[in-house]
Amino acid sequence: MQEYDLVVVGSGPAGRRGAIQAAKLGRKVLVIEQGKRVGGVSVHTGTIPSKTLRETALNLSGWRERGFYGRAYRVKQEISADDLRRRLLITLDHEVEVLEHQFARNRVQHMRGKAKFVTPETMEIVKDDGETVHVQAKSIMLAVGTKPYRPESIPFDGVSVLDSDELLDIKELPRSMAVIGAGVIGIEYATIFSALDTQVTVIDPKPTILDFIDREIVEEFIHDLRDRNMKLILGQKADKVEKLENGKCEITLDNGRHVTCDMVLYAAGRVGATDSLNLAAAGLTADSRGRLSVNPETFQTDVPHIYAAGDVVGFPSLASTSMEQGRIAARVAVGAIAKEPPKYFPYGIYAVPEISTCGLTEEEVKERGIPYECGMARFRETSRGHIMGLNSGLLKMIFSLKTRRLLGVHIVGEGATELVHIGQAVLNLKGTVEYFVENTFNYPTLAEAYKIAGLDAWNRMGDLSQAK
């Protein structure tokens, strides 16, 4: 039986970062991946494919130029599913190649097969060719990610009723689509297909969407969606999904309303991919959604030498935070010092338009009773925004009146997921409103919106140097 210092199950962001970190510290590491190629959900069905699909859709549709040339403008008149898939495959091949090279360079061993616990220290791996192998490890990291939640009441067929994984393999673009679930994944795909001129309806039983995002940003976002004729049906539950004889789908809502469309995307949540791990043999139990609970500082499960990182431990379920979780877990597992990550990390939603946020929302600031002031800037107020033809886009910063420190930065609009890092740095370095007022930003840039929003807040907060 082969023995390892660390066995990692899953090669997504958490698994690969953890494996490479342990290998760099001189440990013997094995990564087990049940997929056809390394990379996990992030590379093959999640983060990279959805963002590649988004970029392809925006480029081919001419979305970014419509502010100048009108809504009828197109780069390619007839966009097919093959057009989207072609770029997707090139991107995925590159990602896998880079990852395999990283494993080889750092001497990380990897094996294809399905793993399950035999004892808390031993795992059985059934390889693709049917061979069964047993491995023993001083520490084990579970980075198995998640898979779409698929209730039995939904008639999935991979053609007209799909989950978010199946959506990447569609043969033709639908003229109309209903998205059940207004979470991050549902909203991202809904807005991408809307940019491709598919008529999109979003259905969710909750009366609001993206509750963890600043309300003012969400209101701006919803206004943008409705402005381009996306329909949001909130506070109503989808009771039944049926496939009709004419090839269309019909959704019956709990109030008796009917929604007819060409395609249904069911995106109401994901579940941890832990059902095949035989967790009981390791002394572990997953929750009703297949997730594992961990110590948030060390990522240890209830069994000290078994760690879990990434989407399988729940919120925030981001590739970026998963990487950090995997790295920290690996360092703790091999006995190295691991610093706790910074308190505030950026959250990115790759919808059309993008949303990105870091720090406290205005609602959280109010709940904590902190006296505050907000600074706002619209992208159309910047010269760069005019050059790019942007009609929408908003940057909002929240400052403490007492300390003048930045408490939160919230952005909706083109490039939001890139722009947020300026606010993130100032936030974690405990910077104040004066940073934005006194520093020079490149002109013309969208980042200049930080200067405009900083001055907006500063003008109301008062000039500290003039205070008596």
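User: Happy to start with a salt bridge: which residue does K396 pair with?

Analyst: Good place to begin. A salt bridge here is a side-chain nitrogen of Lys or Arg within 4 Å of a carboxyl oxygen of Asp or Glu. For K396 the closest N and O atoms are 2.8 Å apart, and the partner is E216.

User: How many residues apart are K396 and E216?

Analyst: First, a word on the model: it is predicted, so local features need pLDDT of at least 70, side-chain atom pairs count only at pLDDT 80 or more, and totals for chains, interfaces and linings use all residues. Residues are numbered from 1 along each chain as its sequence is written, and side-chain values use heavy atoms, with hydrogens and water left out. K396 sits in strand β20 (residues 394-400) and E216 in helix α7 (residues 215-227), where helices (H or I, at least four residues) and strands (E, at least two) are DSSP runs numbered from the N terminus. The pair links distant parts of the chain, 180 residues apart.

User: Is K396 buried or exposed?

Analyst: Buried means under 20% relative accessible area, exposed over 50%, and partly exposed in between (1.4 Å probe, protein chains only). Its partner E216 has 31% and counts as partly exposed. K396 has 0% relative accessibility, so K396 counts as buried.

User: Which residues are linked with K396 in a network of salt bridges?

Analyst: E216 has already come up as a partner of K396. The network also takes in two further acidic names, so the full set linked with K396 is D214, E216 and E362.

User: What is the N to O distance in the salt bridge of R228 and D224?

Analyst: Both R228 and D224 are buried. Their side chains meet in a salt bridge, N to O, at 3.2 Å.

User: How many disulfides does the structure hold?

Analyst: A disulfide is a pair of cysteine sulfur atoms within 2.5 Å. The sulfur of C249 is 5.3 Å from the closest cysteine sulfur, in C261, which is too far for a bond. Likewise, the sulfur of C358 is 16 Å from the closest one, in C374, again too far. The number of disulfides is 0.

User: Which residues gather in a patch of positive charge on the surface?

Analyst: Patches are made of residues with over 30% relative accessible area and no salt bridge, with like charges joined within 9 Å and nonpolar side chains (Val, Leu, Ile, Met, Phe, Trp, Tyr) within 5 Å. Lys and Arg count as positive and Asp and Glu as negative, while His and the chain ends are not counted. One of the members, K430, is exposed at 54% relative accessibility and is found in the loop between α11 (416-428) and α12 (433-438). The patch gathers K343, R368, R405 and K430.

User: What accessible area do F212, F315 and F345 have together?

Analyst: These residues form a nonpolar patch on the surface. F345 is found in the loop between α8 (319-333) and β17 (347-349) and is partly exposed at 33% relative accessibility. Accessible areas come from the Shrake-Rupley method with a 1.4 Å probe; for residues, only the protein chains shown count as cover. Together the patch has about 300 Å².

User: Which residue does a cis peptide bond join to F315?

Analyst: Omega is about 10° at this bond. The partner's place is in the loop between β16 (306-308) and α8. The residue is P316.

Key. Charge placed at Lys NZ, Arg CZ, Asp CG, Glu CD.
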